[in-house]
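The following exercises are meant for a reader who is meeting this structure for the first time. Please attempt each task before reading its solution.

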Amino acid sequence: MKKNDIATVVIEDMTTEGEGIGHADGFTLFVKDTVIGDTARVKVMKAKKTYGYARLVELISASPDRREAACPVARACGGCQLQTLSYEKQLEFKRNKVVGHLQRIGGFGPEVTGPVAPTIGMEEPYRYRNKALIPFGMKDGRIIAGFYAGHTHSIIEQSDCLLTPPEYEQILLVLLNWAEKYRISVYMEETGTGALRHVLIRKGFSTGEIMICLVIGTKNLPQAAREALREQLLELKPRLNIAQISLNINLKNTNVVMGTDGIIDLYGPGYITDRIGEVSYRISPLSFYQVNPVQTEKLYGCALKFAGLTGSETVWDLYCGIGTISLFLAKAAEKVYGVEIVPEAVRDAVVNAEDNNITNASFFTGRAEEIMPELYNREPETYRADVVVVDPPRKGCGPELLETILKMGPKRIVYVSCDSATLARDLKLLCTDSPYRVSAVQPVDMFPQSVHVETVVLLERCLR
Ligand code: SAH
């Protein structure tokens, strides 16, 4: 096959990124926007020796699992990859993704992959996100806001994302009007110039409190514009519980959205508050906070179950953020130590413990892979571990940290992961020539409509 060839394929499988997989003339074709069970006419866009990438031209017969996309820009937007697949099949897809990574990257056999539990799904898999991070751009001389197209930074104009609360659209429209009126320049990645970069909107689903944090590429936003911004957003207040408005300054020409060049509070105490289960949390703009509160409660419930606490354990919560998991576990443990790299998040964690009258949790700022070995080597009695919980970012834990955990020899390790590929890599290291065995794997759907899957794994130390 070669570029521009037209073929008819039956979609037999899907990649972990959500593209359909079909075959034509002994060739494997990856076809975006198709789902397993479709028959489609496709056009080859790029051809290698044995495989190629093709574009959907026409659906000849739709899979019984195909659904109409709920969002008008679902196909172009990079945010959702699975809207056209029934929700039931999305959950199956995610379990399969975890199993595939455990097999191919982790080298695990059926004794581990067989018992992987069905994905825990949502009753209402839209409007579940409490956080939106929306980029601004220019189109035909107008300021626009929207979402990045897949794998690029071109912006698909869209003011209402079906994954976030509908009121975020009203906030966005206020911001766009304000920016036009005060002629705020839009940040351009190519030149690194301009003011308006992104807006971060977050809502505490159980308190209704809303945070708006505008990311700007300048320290010199005129005073009149700042005041107008505050006033215009506060006009929404009778209807929306606007609790925090800030500017985050990002002067660097990078992909990292939130800047480290300062935060200016225009309104509110500097944070919003939310509750998960019984515990209340304060959340600052720079702190990580799980995006799906309904599923987070299920995820933490699973982590708590896997931790198997009786009240006498010393627990480490590595990559603890604002202490969410630490505080969830603290009531059932003797002592919890949390480690987190972002100082603002650690400050939130300390206050969160106080606000919830939790006195047996301590937090350390720094890299988990440095702090834990340092403390353990200094005072192994105090800083021992009965249970270690890790919840790293997508790149996973890395070998230094895993080796320290192995050296500390906890009874149980609970690994919470948002990337099953790095999870499988780390589990392989933890289980090779060691007494640890994977005894439970639970995928949780934190991100319906996307290909992402969260997984909680229990490792137990076996006597040999
Ligand atoms: N457990 C928390 C946060 C998980 S997200 C929760 O459920 O809310 C991962 C966290 O790891 C982020 O807060 C990030 O800032 C932090 N982090 C990233 N690299 C780190 C490192 N090397 N050491 C410690 N924390 C790190």
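**Exercise 1.** How close do the axes of helix 9 and helix 10 come, and at what angle do they cross?

*Solution.* The model under study is predicted. Begin by locating the two elements: helix 9 covers residues 399-408 and helix 10 covers residues 420-431. Their axes come within 10 Å, with a crossing angle of roughly 35°. Next, consider the hand: helix 9 passes helix 10 in a right-handed crossing. Then list the residues that touch. Helix 9 contributes Pro-399, Leu-402, Glu-403 and Leu-406, while helix 10 contributes Asp-426, Leu-429 and Leu-430. Finally, sort these contact residues by class: five are nonpolar, none is polar and two are charged.

**Exercise 2.** Describe how helix 1 meets helix 10, and state which residues make the contact.

*Solution.* Helix 1 spans residues 87-104, and its axis comes within 8 Å of that of helix 10, crossing at roughly 35°. The crossing is right-handed. From helix 1, the contact involves Lys-97, Val-98, His-101 and Leu-102. From helix 10, Ser-420, Ala-421, Ala-424 and Leu-427 take part. Classification of this contact gives five nonpolar, two polar and one charged residues.

**Exercise 3.** Determine the strand order of the open six-stranded sheet, and explain why strand 1 and strand 2 each have one side without a neighbour in the sheet.

*Solution.* The order of the open sheet is 1-5-6-4-3-2, and its pairing is mixed. Strand 1 (6-10) and strand 2 (13-14) occupy the edges; each has a single partner strand, and therefore one side of each lacks a neighbour in the sheet. Within the sheet, consider one pair in detail. Strand 5 (residues 39-47) and strand 6 (residues 51-61) run antiparallel and are joined by eight bridges. In this pairing, Lys-46 lies opposite Tyr-53 of strand 6.

**Exercise 4.** How many cavities of 30 Å³ or more does a search of the whole structure find, and which residues line the largest cavity?

*Solution.* The search yields one cavity of 30 Å³ or more. The volume of the largest cavity is about 30 Å³. Its lining consists of Ala-132, Ile-134, Phe-147, Ser-159, Cys-161, Thr-164, Tyr-168, Glu-169 and Leu-172. Now assign the lining to elements: strand 7 (131-139) and helix 3 (168-181) each provide at least two residues. Helix 3 gives the most, with three residues. By class, the lining comprises six nonpolar, two polar and one charged residues.

Note on methods: Residues are numbered from 1 along each chain as its sequence is written. This is a predicted model: local features need pLDDT of at least 70, side-chain atom pairs count only at pLDDT 80 or more; totals for chains, interfaces and linings use all residues. Side-chain values use heavy atoms; hydrogens and water are left out. On a 1 Å grid over the protein atoms alone, a cavity is a set of points where a 1.4 Å probe fits but cannot get out, and a pocket is an open set with protein on both sides within 12 Å along at least five of seven lines; lining residues have an atom within 4 Å of a point. Grid points are joined across faces, edges and corners, and a volume is the space filled by probe spheres set on the points. Helices (H or I, at least four residues) and strands (E, at least two) are DSSP runs, numbered from the N terminus. Ala, Val, Leu, Ile, Met, Phe, Trp, Tyr, Cys and Pro count as nonpolar, Asp, Glu, Lys and Arg as charged, and the others, Gly among them, as polar. Two strands pair if DSSP finds at least two bridges between them. Axes are lines fitted to C-alpha atoms, for helices over the stretch in contact, and angles run from 0 to 180 degrees between N-to-C directions. A crossing is left-handed if the near helix is turned anticlockwise from the far one by less than a right angle, and right-handed if clockwise. Contact means heavy atoms within 4.5 Å.
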